[in-house]
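Welcome, and take a moment to turn the structure around before reading on. The paragraphs below walk through it step by step.

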Amino acid sequence: MSSDVRRKSIRRVHAAVRQEPAAPAVPNELPTVSLSKLTKPDFRAEEYLKETLRVVQEKNIRQFRKALEDSRKGASKNLQKNVYRNYESFVFISKEISSMERDMQLLRELLHNI
């Protein structure tokens, strides 16, 4: 994404947030990423951003965006570690299922011959 497009996008978000009534939060306060809110099943990104960025200045929005990106990268690495950790079990279970399917096919053939 070009810097002009990114800047315009940030300004649009900031303008949309500014349309909401001012929150009791302290202006210029650096917003924090709330992982508990991000992981809720009924999470709504637009509402979260409006609530979090209500009275925040543009420079702090940039820092918040970086914090969100860092959180995303951390979650991605964690997911990748979990996939690799569970891969060995997955392969073992897949082989067991395949073996059981062959046994079931043999059993069907034997029952059919009786």
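Let us begin at Phe 43: setting aside neighbours within four places in sequence, Phe 43 is in contact with Lys 37, Leu 38 and Tyr 48. Please keep in mind that this is a predicted model. You will find Phe 43 in the loop between α2 (35–38) and α3. Is this residue, Phe 43, buried or exposed, or something in between? Its relative accessibility is 31%, so Phe 43 counts as partly exposed, since the partly exposed class lies between the buried limit of 20% and the exposed limit of 50%.

With that starting point in hand, step back to see the whole chain. There are four helices and zero strands, and from the N terminus on the elements run α-α-α-α. The chain has 114 residues, of which 12% count as buried. About 9600 Å² of the chain is exposed, and carbon and sulfur atoms supply 56% of that area. Contacts tell another part of the story: among those between residues at least 6 apart in sequence, 76% join residues at least 24 apart.

Now return to the aromatic residues. Phe 43 belongs to one aromatic cluster together with Tyr 48 and Phe 64. The structure holds two aromatic pairs. In one of them, the rings of Tyr 48 and Phe 64 have centres 6.3 Å apart and planes at 40 degrees, so this pair is tilted. The reasoning rests on two cut-offs: planes under 30 degrees apart would count as stacked and over 60 as edge-to-face, with the rest being tilted. This pair links distant parts of the chain, with Tyr 48 in helix α3 and Phe 64 in helix α4 (residues 58–113), 16 residues apart. Both Tyr 48 and Phe 64 are buried, whereas Phe 43 in the cluster is partly exposed.

Close to the theme of these two residues comes Thr 52. Where does Thr 52 lie? Look in helix α3, which covers residues 45–52. Thr 52 has a relative accessibility of 18% and therefore counts as buried. A polar atom of the Thr 52 side chain lies 2.7 Å from the backbone oxygen of Tyr 48. Not counting residues up to four places away in sequence, Thr 52 touches Pro 31, Thr 32 and Phe 64. Tyr 48 and Phe 64, the partners of the tilted ring pair, thus each appear again around Thr 52, Tyr 48 through its backbone oxygen and Phe 64 through a contact.

Next, the charged side chains. Side chains of opposite charge can pair when their charged atoms come close. How many salt bridges does a search of the whole structure find? The search finds five, and three of them are described here, starting with Lys 50 and Glu 46.

Lys 50 forms a salt bridge with Glu 46, and their closest N and O atoms are 3.4 Å apart. Because Lys 50 and Glu 46 are four residues apart in helix α3, about one helical turn separates them. The two partners have their own exposure classes: Lys 50 is partly exposed at 25% relative accessible area, while Glu 46 counts as exposed at 55%.

Helix α4 offers further examples. Asp 70 forms a salt bridge with Lys 66, with 3.2 Å between the closest N and O atoms. Why are Asp 70 and Lys 66 separated by about one helical turn? They are four residues apart in helix α4, and that spacing is the reason. Asp 70 counts as partly exposed, at 38% relative accessibility. In the other bridge, the side chains of Glu 69 and Arg 72 meet at 2.6 Å, N to O. Glu 69 and Arg 72 both lie in helix α4, three residues apart, about one turn of the helix. Glu 69 is partly exposed with a relative accessible area of 28%, and Arg 72 is partly exposed too, with 49%.

Finally, follow the chain to a nonpolar patch on the surface. Met 104, Leu 107, Leu 111 and Ile 114 form this patch, and together they have about 450 Å² of accessible area. One of them, Leu 111, lies in helix α4. At 56% relative accessibility, Leu 111 counts as exposed.

Conventions:
Residues numbered from 1 in each chain as written. Predicted model: local features only at pLDDT ≥ 70, side-chain atom pairs only at ≥ 80, totals over all residues. Heavy atoms only, no water. Helix = DSSP H or I, 4+ residues; strand = E, 2+ residues; numbered from the N terminus. Buried < 20%, exposed > 50% of the residue type's maximum accessible area, 1.4 Å probe, protein only. Polar contact = N/O pair within 3.5 Å; in protein donor to acceptor, adjacent residues only side chain to side chain. Contact = heavy atoms within 4.5 Å. Phe/Tyr/Trp six-rings, centres within 6.5 Å; stacked < 30°, edge-to-face > 60°. Salt bridge = Lys/Arg side-chain N within 4 Å of Asp/Glu carboxyl O. Patch = residues over 30% accessible without salt bridge, like charges linked within 9 Å, V, L, I, M, F, W, Y side chains within 5 Å. Areas by Shrake-Rupley, 256 points an atom, 1.4 Å probe, with all protein chains shown as cover.
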